[in-house]
Amino acid sequence: MVRKATITIDGKTVELPILEGSFGPAAIDVRSLYQETGMFCYDPGFMSTASCSSGITYIDGDKGVLLYRGYPVDELVEKCDFLDVAYLLFYGELPNAQEKEEFEKSVTQHTMVHEQLRSFFQGFRRDAHPMAIMVGVVGALSAFYHDNLDIYDPKQRETAFHRIIAKMPTIAAMAYNYSRGCPLPYPQNDLTYAQNFLKMMFGLPSEKYQINPIVAKAMDIIFILHADHEQNASTSTVRLAGSSKANPFACIASGIAALWGPAHGGANEAVLKMLEQIGSVENIPAFINRAKDKKDTFRLMGFGHRVYKNYDPRARIMRKACHDVLDQLGIQDPLLDIALKLEEIALKDQYFIDNKLYPNVDFYSGLVFRALNIPTSMFTVIFSVARTVGWIAHWNEMMADPGQKIGRPRQLYTGSVLRHL
Ligand code: SDX
């Protein structure tokens, strides 16, 4: 029996069906609301709006739980690698041994980019932020595949998936090496996804690159933790771009642009800058007070989340990875001491308790990146490499929906009434 919601406006009652998910909040189906009432729903930050139905990822914000296709992310970090998770997010099931071997082979074969794409980098200043390069070069990828891509053909969407997740690490490493005046790297396909990325990032043609297994494992965990996260700002951007039938490479470029903001994927870079700005444990109370001051735009970067009103499970895993990597590499990072003390103080502060502000994935990720010698400007780039898996999985899920329509929100108009010149 379908539950109904009723809404009464000026004495007229409208019945709206309630849609039930597998679990989590149900949704009132308001698709007929405008037709029946002549009114819109108003929800500019999508605080109470489900923009779609999806079976890919589920977050329980109150419990601090993150599931990829039903599997808790901590179990996947423990038992799988990033390509297992990429396969799971796109196809819905973990690969068996043969499926994994075929998938890994296909992705590996797509890791190189068209040789002409390498000249796109020359147009950027050497000090261009690598996210600017990513937006430009990934968007340009669409020029190489625009014509021969039938987005209605599941097989061609699958090829686009393999292509884009294979090329993102290569483009990211090229952006980094371009910014430091080094040769643009080529992939080495006998390495794993994470190892290949690290070698392209830090290897030089003049020297043999030694893979550090601790660093490679930490990189793989970072990729898994950042792979997907329901309808966050960048994923919603990719869906909206895809709803116009734009090609998937252009859609991914739009996701990269949305991810860049410090309120979203740019927060990991902002956390490092904040910890450096705080500078010492003694300065923490002053910054906590600034974060609570409504007149001050300063916010505690890496804290708070639209959905998590508990500890972000990724932050918990990232915090452990941070300790493990620093211990295993024998690194003492004073910024970690500041981060741990900042977390301890904030979690006891009534303002943070009342607003349910906990560390999110970005709070510790920057410290892990630092331990891996990743420059701050590359933090969000790496986030975009990982999240490309989630973006393309959502794009594919949307394009496979026969009822898919172009996303076209309405508005509450508050401008001038009709007037004449
Ligand atoms: C990511 O959506 C996703 O899933 C994103 C992500 C993913 O994987 O895709 O999880 C990745 O983007 C993580 C979030 C990274 N961003 C940051 O760490 C930046 C700092 N955090 C804030 O900007 C903020 O918490 C947001 C943007 C993350 C969430 O903002 P919301 O949900 O719109 O919450 P809000 O701004 O309405 O905050 C509620 C209250 C406000 O107080 P009032 O104005 O209502 O009195 O809490 C306050 C805020 O002022 N608040 C903070 C705060 N975050 C919220 N106060 C101080 N410091 C903070 N960090």
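## A buried threonine, two sheets and a ligand site

Thr380 is buried, with a relative accessible area of 0%. This value, like every other in this report, comes from a predicted model. The account starts from Thr380 and then turns to the nonpolar core, the strands and the ligand.

**Thr380 and its surroundings**

Thr380 belongs to helix α17, which covers residues 379-399. Leaving aside residues up to four places away in sequence, Thr380 touches Met131, Leu259, Trp260, Gly265, Gly266, Asn268 and Glu269. Because buried means under 20% relative accessible area, the 0% of Thr380 places this residue in the buried class.

**The largest nonpolar core**

The largest nonpolar core contains 125 residues. Those that touch the most other members are Tyr68, Ile165, Met219, Phe223, Leu300 and Ile374. For Met219, the contacts can be listed by name: this residue touches Ala194, Phe197, Leu198, Phe369, Leu372, Ile374 and Ile382, again not counting residues up to four places away in sequence. Ile374 therefore appears both among the core residues that touch the most other members and among the contacts of Met219, where contact means heavy atoms within 4.5 Å.

**The sheet β1-β2-β3**

One open sheet consists of three strands in the order β1-β2-β3, with antiparallel pairing. Its edge strands are β1 (4-9) and β3 (27-28), each of which pairs on one side only. Strand β1 is joined by six bridges to strand β2, residues 12-19, and the two run antiparallel. Within this pairing, Ala5 has Leu16 in β2 as its bridge partner.

**The sheet β4-β5-β6**

Another open sheet of three strands has the order β4-β5-β6, also with antiparallel pairing. Here the edge strands are β4 and β6, and each pairs on one side only.

Strand β4 (residues 57-60) and strand β5 (residues 65-68) run antiparallel and are joined by four bridges. Thr57 stands opposite Tyr68 in β5, while Asp60 stands opposite Val65 in β5. The two strands form a hairpin with four residues between them, and Gly64 in the turn has a positive phi of about 70°.

Strand β5 is in turn joined to strand β6 (residues 71-72) by two bridges, and this pair also runs antiparallel. Tyr68 stands opposite Tyr71 in β6. These strands form a hairpin with two residues between them; Arg69 in the turn has a positive phi of about 55°. Tyr68 thus links two topics of this report: Tyr68 faces Thr57 of the sheet, and Tyr68 is one of the core residues that touch the most other members.

**The ligand site**

There are 24 residues around the ligand, and His229, His305, Arg306, Arg314 and Arg387 come nearest. The table gives polar pairs between protein and ligand.

| Residue | Protein atom | Ligand atom | Distance |
|---|---|---|---|
| Gly302 | backbone N or O | oxygen | 2.8 Å |
| Phe303 | polar backbone atom | nitrogen | 2.9 Å |
| His305 | polar side-chain atom | oxygen | 2.6 Å |

Taken alone, the ligand exposes 1,000 Å², and the protein buries 78% of that area. His305 is therefore named twice at this site: as one of the residues that come nearest to the ligand, and through a polar side-chain atom 2.6 Å from a ligand oxygen atom, a pair that falls within the 3.5 Å set for a polar contact.

Notes: Residues numbered from 1 in each chain as written. Predicted model: local features only at pLDDT ≥ 70, side-chain atom pairs only at ≥ 80, totals over all residues. Heavy atoms only, no water. Pairing = 2+ DSSP bridges. Buried < 20%, exposed > 50% of the residue type's maximum accessible area, 1.4 Å probe, protein only. Core = buried A, V, L, I, M, F, W, Y, C linked by side-chain atoms within 4.5 Å. Near = heavy atom within 4 Å. Polar contact = N/O pair within 3.5 Å; in protein donor to acceptor, adjacent residues only side chain to side chain. Areas by Shrake-Rupley, 256 points an atom, 1.4 Å probe, with all protein chains shown as cover.
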